[in-house]
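Student: Could we go through this structure together, one question at a time? I'd like to see how each answer is reached.

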Amino acid sequence: MTASRPGAAPEPEPDTAAKEPEAGASPEPEATAATRTGESPDTADTPERPDTAEAAADGAADDGAGETGTAGIPEVSQGPKATEGPAVSKGPAPSEVSGKPAADGESPRAFLDVRDLRVHFPTDDGLVKSVDGLTFSLEKGSTLGIVGESGSGKSVTSLGVMGLHTAGQRDKSKVRISGEIWLDGQELLGAAPDTVRRLRGREMAMIFQDPLSALHPYYTIGHQIVEAYRVHHDVSKKDARRRAVEMLDRVGIPQPDKRVNSYPHEFSGGMRQRAMIAMSLVNNPELLIADEPTTALDVTVQAQILDLIRDLQQEFGSAVIIITHDLGVVAELADDILVMYGGRCVEYGSAEQVFHEPHHPYTWGLLGSMPRIDRERTERLVPVKGSPPSLINIPSGCAFNPRCPYADLPGEERTRTERPELRVVAEGHLTACHLSAAQRDRIWNEEIAPKL
């Protein structure tokens with residue numbers, strides 16, 4: 001079963017609020033003493049703190065990390081063959097025929113069901129619409145890739161699913177969240193903070209893009225994994241330590257029984273990422289969100305991390321969301337791909353459809369700017385012109401129109417005055433573009449595909 005497609009979203013903007021997650025809690029004096037003397041998490045007489053364990057399990061995130069690339073884009077075919085038409089059922093999406101979000105009160109049919117998610121941040125300069133009406137769903141055992149430039153709303157979406165925008169915050173006026181997030185039949189946005197806290201780390205977990213800042217520098221790797229495990233399981237420290245060693249070994253850390261007592265700064269970048277994956281999977285979560293899991297890693301380590309995520313998904317049967325700038329990463333892992341721009345979904349389809357038959361000019365630009373090693377290239381890579389829009393002042397009409405070389409083709413200033421909604425172009429394939437199917441087919445076959 002693959003991830004079900006998203007739908008277009010209505011416009012309401014109710015209020016809820018939040019703040020970014022903290023990187024970790026400060027250690028107690030007893031824990032400090034135990035750590036300085038090199039005492040193991042098993043034997044140190046350190047009082048267990050659920051908030052510290054939660055911070056260790058949750059970490060910290062930043063959407064502005066750098067980019068790295070891997071080759072892996074499949075061969076390009078000769079263009080989209082399907083024309084626009086009625087939607088055909090593909091899987092348990094919020095609404096299969098129209099692609100629209102499910103009506104209020106309709107029961108979710110997918111394991112993860114996100115409906116019309118909006119995450120807005122009030123600032124002195126204006127309202128930042130980081131996510132502005134996003135709908136998608138995902139089944140267990142399948143992988144959804146979310147791609148787009150920095151500032152498109154990818155990490156904000158993942159933090160919203162995890163409930164980290166409002167975690168532990170008293171002042172809820174710093175963020176406005178609306179919509180619905182259903183996880184295995186339970187709605188998360190309206191749930192009590194303690195309920196979401198119990199789910200976070202056990203039912204859903206996240207691999208953050210910067211493990212060095214997500215891991216607490218003052219505690220050993222083993223101590224943090226032990227806390228993350230014991231906060232959800234009533235087990236002894238000895239049993240939790242055994243589980244930590246087992247997970248470090250499972251993710252490929254050499255000599256795990258010794259490295260369990262190492263600190264984050266004593267691990268290389270690839271080993272820290274593996275340790276972060278071990279912590280995320282220690283409770284066998286059913287949903288795993290990997291936010292830029294290969295950022296700042298060299299290509300050989302990237303391949304190892306991607307293989308590890310794939311193997312662990314097969315072992316645990318988890319639903320996985322991969323967030324990345326790198327189309328090569330999603331080509332390796334994703335069943336379905338959601339392309340974000342300006343806080344909204346502009347194209348959605350299977351990996352085969354998005355790579356072989358893309359229908360949105362922004363997706364064409366992403367594919368054209370990616371390096372290929374499987375063929376000789378005689379021309380320079382073509383970047384997407386311009387910069388991503390300000391999420392405070394998003395362009396009217398199609399948000400991509402200032403950068404789109406085909407913005408004038410629909411005529412009558414339509415792209416600058418009317419915002420396109422997602423439309424079905426093939427079974428399971430949606431795009432938000434004013435270009436007609438014939439125009440997109442001609443541009444792809446004659447101008448884009450031959451240059452990739």
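Student: Which strands and helices do the buried residues of H10 pack against?

Tutor: Before we start, this is a predicted model, where local features need pLDDT of at least 70, side-chain atom pairs count only at pLDDT 80 or more, and totals for chains, interfaces and linings use all residues. Residues are numbered from 1 along each chain as its sequence is written, and side-chain values use heavy atoms, leaving out hydrogens and water. Helices (H or I, at least four residues) and strands (E, at least two) are DSSP runs numbered from the N terminus, and contact means heavy atoms within 4.5 Å. The buried residues of H10 pack against strand S3 (143–147), helix H7 (237–250), helix H9 (269–281), strand S7 (287–291), strand S8 (319–324) and helix H11 (327–333).

Student: Okay, and which residues of H10 are the buried ones?

Tutor: Let's fix the words: buried means under 20% relative accessible area, exposed over 50%, and partly exposed in between, using a 1.4 Å probe and protein chains only. On the other side of H10, Val 299, Thr 300 and Gln 314 are exposed. The buried ones are Val 301, Gln 302, Ile 305, Leu 306, Leu 308, Ile 309, Leu 312 and Gln 313.

Student: Within what arc do those buried residues of H10 fall?

Tutor: Remember that an α-helix has 3.6 residues a turn, so residues three or four places apart point the same way. We look down the axis of H10 and take the directions from the axis to the C-beta atoms. The buried residues line one face of the helix, because they fall within an arc of 155°.

Student: How far does H10 reach from its first C-alpha to its last?

Tutor: Helix H10 covers residues 299–316, which makes 18 residues. The expected span is 1.5 Å times one less than the number of residues, and for H10 that comes to 26 Å. The reach in the model is close to that, at 26 Å.

Student: Which residue just after H10 takes a positive phi?

Tutor: Most residues other than glycine have a negative phi. Here we do have a glycine, with a phi of about 70°. The residue just after H10 is Gly 317.

Student: Where does Glu 292 lie, and is this residue buried or exposed?

Tutor: Glu 292 has a positive phi of about 50° although it is not a glycine. You'll find Glu 292 in the loop between S7 and H10. At 4% relative accessibility, Glu 292 counts as buried.

Student: What is the phi of Asp 116?

Tutor: Asp 116 sits in strand S1 (residues 112–123). Asp 116 is buried, with a relative accessible area of 10%. Its phi is positive in a residue other than glycine, near 50°.

Student: Now the sheets! In what order do the eight strands run in their open sheet?

Tutor: Two strands pair if DSSP finds at least two bridges between them. The pairing in this open sheet is mixed, and the edge strands, strand S6 (204–207) and strand S11 (423–426), each pair on one side only. The order of the eight is S6-S7-S8-S3-S9-S10-S12-S11.

Student: Which residue stands opposite Asp 336 in S9?

Tutor: S3 and strand S9 (residues 336–341) pair in the parallel sense. Four bridges join them. Opposite Asp 336 stands Leu 144.

Student: Which are the edge strands of the four-strand sheet?

Tutor: That open sheet has the order S2-S1-S4-S5, and its pairing is antiparallel. Each edge strand pairs on one side only. The edges are strand S2 (126–138) and strand S5 (186–187).

Student: How many of the residues of H13 are buried?

Tutor: Among the buried residues are Tyr 362, Trp 364 and Leu 366. What covers them includes H11, S9, strand S10 (344–350), helix H12 (351–356) and helix H15 (437–448). H13 is largely enclosed by the rest of the structure, because the buried count is eight of the eight residues.

Student: Last one: which side chain makes a polar contact with the side chain of Arg 403?

Tutor: Arg 403 is in the loop between helix H13 (361–368) and helix H14 (414–417), and is buried at a relative accessible area of 8%. A polar contact is a pair of N or O atoms within 3.5 Å; within protein, one must be able to donate a hydrogen and the other to accept it, and residues adjacent in sequence count only if both atoms are side-chain atoms. The backbone oxygen of Lys 385 lies 2.6 Å from a polar atom of the Arg 403 side chain. The side chain you asked for, at 3.2 Å, is that of Tyr 341.
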